[in-house]
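Visitor: I would like a close look at one helix, and then at what is around it. Please take it step by step, and keep the sentences short.

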Amino acid sequence: MSMDFNIFMNDVVRQAREEIETAGYEQLTTPEAVEETLEKEGTTLVMVNSVCGCAGGIARPAAAHAIHYDKRPDRLVTVFAGQDKEATAKARSYFEGYPPSSPSFALLKDGKIISMVERHEIEGHDPMSVIANLQSLFEVHCKEV
């Protein structure tokens, strides 16, 4: 039995996209969509999605559950590293002072980076610690919903 790697990866990517979209995040697939969204007034959480099994399998559930909190960002968006390369590069241009990291989370306010939860804060950690990390940022920087 042989498996076509491209078919397998397309399925993995589709599932990763669906998982984060179902959680309520808008996919930004072009640099223009990234710029238009991140320049808006208010707070935006950007989830840099990834097919990385270990860290991605922690980040996506954390992204889904962290937003069930009294305070949360005005917008929830995602870019997909390794898939939507131009959109991801544009998003990362807003993350001044932080190296590229995926999966990761960036919290912006009025188009300016406030903080990031980088891959090293996700990989090897349990989803609950990532959720707590995100919610502590929401507590300080976001409005009650």
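Guide: Start with a yardstick: the expected span of a helix is 1.5 Å times one less than its number of residues. Keep in mind that this is a predicted model.

Now apply the yardstick to helix α5, which covers residues 127–141 and has 15 residues. From first C-alpha to last, α5 reaches 21 Å, close to the 21 Å expected.

Begin at the N-terminal end of α5, where D126 serves as the cap. One of the side-chain oxygens of D126 lies 3.0 Å from the backbone nitrogen of M128.

Next, look around the helix. Which residues of α5 are buried? They are V130, I131, L134, Q135, L137 and F138. These six cover an arc of only 155° around the axis, so they sit on the same side of α5. The face turned away from that buried side carries M128 and V140, both exposed.

A132 is also part of α5. Is A132 buried, partly exposed or exposed? Its relative accessible area is 43%, and A132 therefore counts as partly exposed, since the buried class stops under 20% and the exposed class starts over 50%. A132 also has a distant sequence partner to compare: H65 is 67 residues away along the chain, yet the two C-alpha atoms are 10.0 Å apart.

Now follow the buried side inward. V130 is a good entry point. Beyond residues up to four places away in sequence, V130 touches I58, A62, F105, E121, I122 and H125. V130 also belongs to the largest nonpolar core, a group of 25 residues. V130 is among those with the most contacts inside this core, along with L134, Y25, L45, M47, F105 and I122. Helix α5 gives two or more residues to the core, as do β2 (43–49), α3 (53–66) and β5. The biggest share comes from α3, with 7 residues. A second core lies apart from this one; it has 15 residues, including L28, V34, A87 and L108.

Two of the contributors, β2 and β5, are strands, so turn to the sheet. Strands of a sheet pair through backbone hydrogen bonds, either parallel or antiparallel. Here 5 strands form an open sheet with mixed pairing, in the order β1-β4-β2-β5-β6. The edges are β1 (26–27) and β6; each has a single partner strand, so one side of each has no neighbour in the sheet.

Take the β5 side first. Strand β5 (residues 104–109) runs antiparallel to β6 (residues 112–117), and 5 bridges join them. One bridge pairs L108 with I113 in β6. The hairpin has 2 residues between these strands, and D110 there takes a positive phi near 50°.

Cross to β2 and β4. Strand β4 (residues 75–80) runs parallel to β2, with 6 bridges between them. N49 has F80 as its bridge partner in β4.

Stay on β2, where T44 is located. At a relative accessible area of 1%, T44 is buried. What does the side chain of T44 contact through polar atoms? It reaches the side chain of R75, at 3.1 Å. Past the residues up to four places away, T44 touches T37, L38, P73, R75, V77, A106, L107 and L108.

T78 sits in β4. It is buried too, at 3% relative accessibility. A polar atom of the T78 side chain lies 2.8 Å from the backbone oxygen of M47. M47 also appears among the contacts of T78, together with I20, Y25, E26, Q27, L28 and N49, once neighbours within four places are set aside. M47 and Y25 bring us back to the core that V130 and L134 share.

Last stop: R17, in helix α1 (residues 5–22). R17 counts as buried, at 18% relative accessibility. Its side chain makes a polar contact of 2.9 Å with the side chain of D84. Leaving out neighbours within four places, R17 contacts Q27, T29, N49, F80, Q83 and D84. Two of these, N49 and F80, are the bridge partners met above.

Conventions
Residues are numbered from 1 along each chain as its sequence is written. This is a predicted model: local features need pLDDT of at least 70, side-chain atom pairs count only at pLDDT 80 or more; totals for chains, interfaces and linings use all residues. Side-chain values use heavy atoms; hydrogens and water are left out. Helices (H or I, at least four residues) and strands (E, at least two) are DSSP runs, numbered from the N terminus. Buried means under 20% relative accessible area, exposed over 50%, partly exposed in between (1.4 Å probe, protein chains only). The arc is that of the directions from the helix axis to the C-beta atoms. A polar contact is a pair of N or O atoms within 3.5 Å; within protein, one must be able to donate a hydrogen and the other to accept it, and residues adjacent in sequence count only if both atoms are side-chain atoms. Two strands pair if DSSP finds at least two bridges between them. Contact means heavy atoms within 4.5 Å. A nonpolar core is a set of buried Ala, Val, Leu, Ile, Met, Phe, Trp, Tyr and Cys residues joined through side-chain atoms within 4.5 Å.
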